[in-house]
Amino acid sequence: MTITITAFETSPDRGRGLARDMGVRWALEEVGQAYDVRLLSFAAMKEPAHRALHPFGQIPTYEDGDLVLFESGAIVLHIAQHHAGLLPGDANARARAVTWMFAALSTVEPPIVERSMATLIERDKPWYNERLPIIEGRVRVQLDQLSSRLGDTDWLDDEFSAGDLLMVTVLRRLAGSGLLEERPNLCAYIARGEARPAYQRAFDAQLAVFTGRPSTG
Ligand code: GTB
């Protein structure tokens with residue numbers, strides 16, 4: 001049974017790999033699992049057929065036989081738990097890697113998403129110029145702490161894990177904001193993630209949806 005995920009038919013990020021199917025694609029590539037992609041329009045996401053898979057009418061979803069999952073973090077965790085390559089074998093190291101997955105999604109990401117949403121939908125509002133620095137201040141607090149913890153190591157906890165996969169995915173949403181450049185070790189960390197062959201295959205596959213050209217390789 002082939003795994004099927006869902007993704008935007010027309011991603012607002014124009015193939016920059018910022019939509020949440022990117023982390024799922026990357027995880028599947030890291031563990032060497034083939035997958036199909038069902039592309040959805042915004043309207044199709046809100047249809048009953050898709051809501052039966054995703055109660056909030058969003059992408060991505062994950063189908064494998066009878067199993068249907070939504071929430072990109074839960075999907076990445078499922079992939080990591082069922083295939084070698086994304087979680088260490090040692091029980092304590094595994095628990096720490098899962099902790100970093102949660103840290104990425106529930107500690108580091110919230111102010112980053114808030115910033116993205118503000119730049120997207122509040123730019124014309126009278127409060128925007130006052131609010132943006134406040135949100136960016138909150139982003140900086142998390143980036144500073146993450147940067148301190150990472151130091152000059154390659155990954156968050158010894159070997160690359162699903163924790164790094166999600167953390168890099170989250171940090172990439174700040175591309176173009178100028179906030180990452182203030183912390184060179186975070187830039188190098190993201191670059192290390194992006195240099196992984198599995199990342200590149202995932203990125204090319206989602207870009208091919210936007211360009212209309214089949215990905216090769
Ligand atoms: N917590 C859920 C998860 O992690 O899976 C969030 C899922 C989610 O936000 N999905 C978005 C969606 O389906 C797409 S990824 N939106 C359509 C809708 O709600 O109607 C979020 C996203 C969208 C666009 C960009 N971008 O253009 O840069 C980046 C991220």
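Where does Pro-60 lie? Good morning, everyone, and let's take that one straight away. Pro-60 lies in the loop that runs between helix H3, residues 48-51, and strand S3. Please keep in mind as we go that this is a predicted model.

Let's stay with that loop for a moment. The peptide bond joining Ile-59 and Pro-60 is cis, with omega at about 0°. If you have the structure open, step on from Pro-60 to Thr-61, which has its place in strand S3, residues 61-64. Is Thr-61 buried or exposed? Thr-61 has 0% relative accessibility, so it counts as buried, the cut-off for that being under 20%. Another position to look at from here is Val-24: it is 37 residues from Thr-61 along the chain, and the two C-alpha atoms are separated by 9.2 Å.

Now to the ligand, which brings us back to Ile-59. Which residues come nearest to the ligand? There are 15 residues around it, and the nearest are Lys-46, Gln-58, Ile-59, Glu-71 and Ser-72. Sorted by class, that shell holds 8 nonpolar, 2 polar and 5 charged residues.

Let me go through the polar contacts one by one. Lys-46 brings a polar side-chain atom to 2.6 Å from an oxygen atom of the ligand. Ser-72 also uses its side chain, where an N or O atom is 2.6 Å from a ligand oxygen atom. Ile-59 works through its backbone: an N or O atom there lies 2.8 Å from a nitrogen atom of the ligand. And how much of the ligand does the protein cover? On its own the ligand has 680 Å² of accessible area, and the protein covers 77% of that. As for where the ligand sits, the space it takes is the largest pocket.

One of those nearest residues deserves a second look, and that is Glu-71. Glu-71 is in the loop between strand S4, residues 67-70, and helix H4, residues 72-82. Its phi is near 75°, a positive value in a residue other than glycine. With a relative accessible area of 43%, Glu-71 is partly exposed, because that label covers values between the 20% and 50% cut-offs.

Arg-14 is another case of this kind of backbone angle. Its phi is positive too, at about 55°, although Arg-14 is not a glycine. You'll find Arg-14 in the loop between strand S1, residues 3-8, and helix H1, residues 21-31. Arg-14 counts as exposed because its relative accessibility is 59%.

Next, helix H5, which spans residues 91-121. I'd like to show you two aromatic side chains here. Trp-100 lies in helix H5, and so does Phe-102. Which of the labels, buried or exposed, goes with Trp-100? Trp-100 counts as buried, because its relative accessibility is 14%. Phe-102, on the other hand, is exposed, with a relative accessible area of 53%. For some distances, Phe-102 and Ile-112 are 10 residues apart in sequence and 15 Å apart from C-alpha to C-alpha. Trp-100 and Ser-215 are 115 residues apart in sequence, with 31 Å between their C-alpha atoms.

My last stop is Leu-180, in the loop between helix H7, residues 162-171, and helix H8, residues 184-194. Although Leu-180 is in a loop, it counts as buried, at 6% relative accessibility. From Leu-180 to Pro-55 it is 125 residues in sequence and 34 Å in space, C-alpha to C-alpha.

If you take one picture back to the bench, let it be the ligand in the largest pocket, with Lys-46 at 2.6 Å from a ligand oxygen and the backbone of Ile-59 at 2.8 Å from a ligand nitrogen. And that same Ile-59 is joined to Pro-60 by the cis peptide bond. Thanks for listening, and I'm happy to rotate the model for anyone who wants another look.

Definitions and conventions. Residues are numbered from 1 along each chain as its sequence is written. This is a predicted model: local features need pLDDT of at least 70, side-chain atom pairs count only at pLDDT 80 or more; totals for chains, interfaces and linings use all residues. Side-chain values use heavy atoms; hydrogens and water are left out. A residue is near a molecule or strand if one of its heavy atoms lies within 4 Å of it. A polar contact is a pair of N or O atoms within 3.5 Å; within protein, one must be able to donate a hydrogen and the other to accept it, and residues adjacent in sequence count only if both atoms are side-chain atoms. Accessible areas come from the Shrake-Rupley method with a 1.4 Å probe; for residues, only the protein chains shown count as cover. On a 1 Å grid over the protein atoms alone, a cavity is a set of points where a 1.4 Å probe fits but cannot get out, and a pocket is an open set with protein on both sides within 12 Å along at least five of seven lines; lining residues have an atom within 4 Å of a point. A molecule sits in a cavity or pocket if more than half of its atoms lie within 2 Å of its grid points. Ala, Val, Leu, Ile, Met, Phe, Trp, Tyr, Cys and Pro count as nonpolar, Asp, Glu, Lys and Arg as charged, and the others, Gly among them, as polar. Helices (H or I, at least four residues) and strands (E, at least two) are DSSP runs, numbered from the N terminus. Buried means under 20% relative accessible area, exposed over 50%, partly exposed in between (1.4 Å probe, protein chains only).
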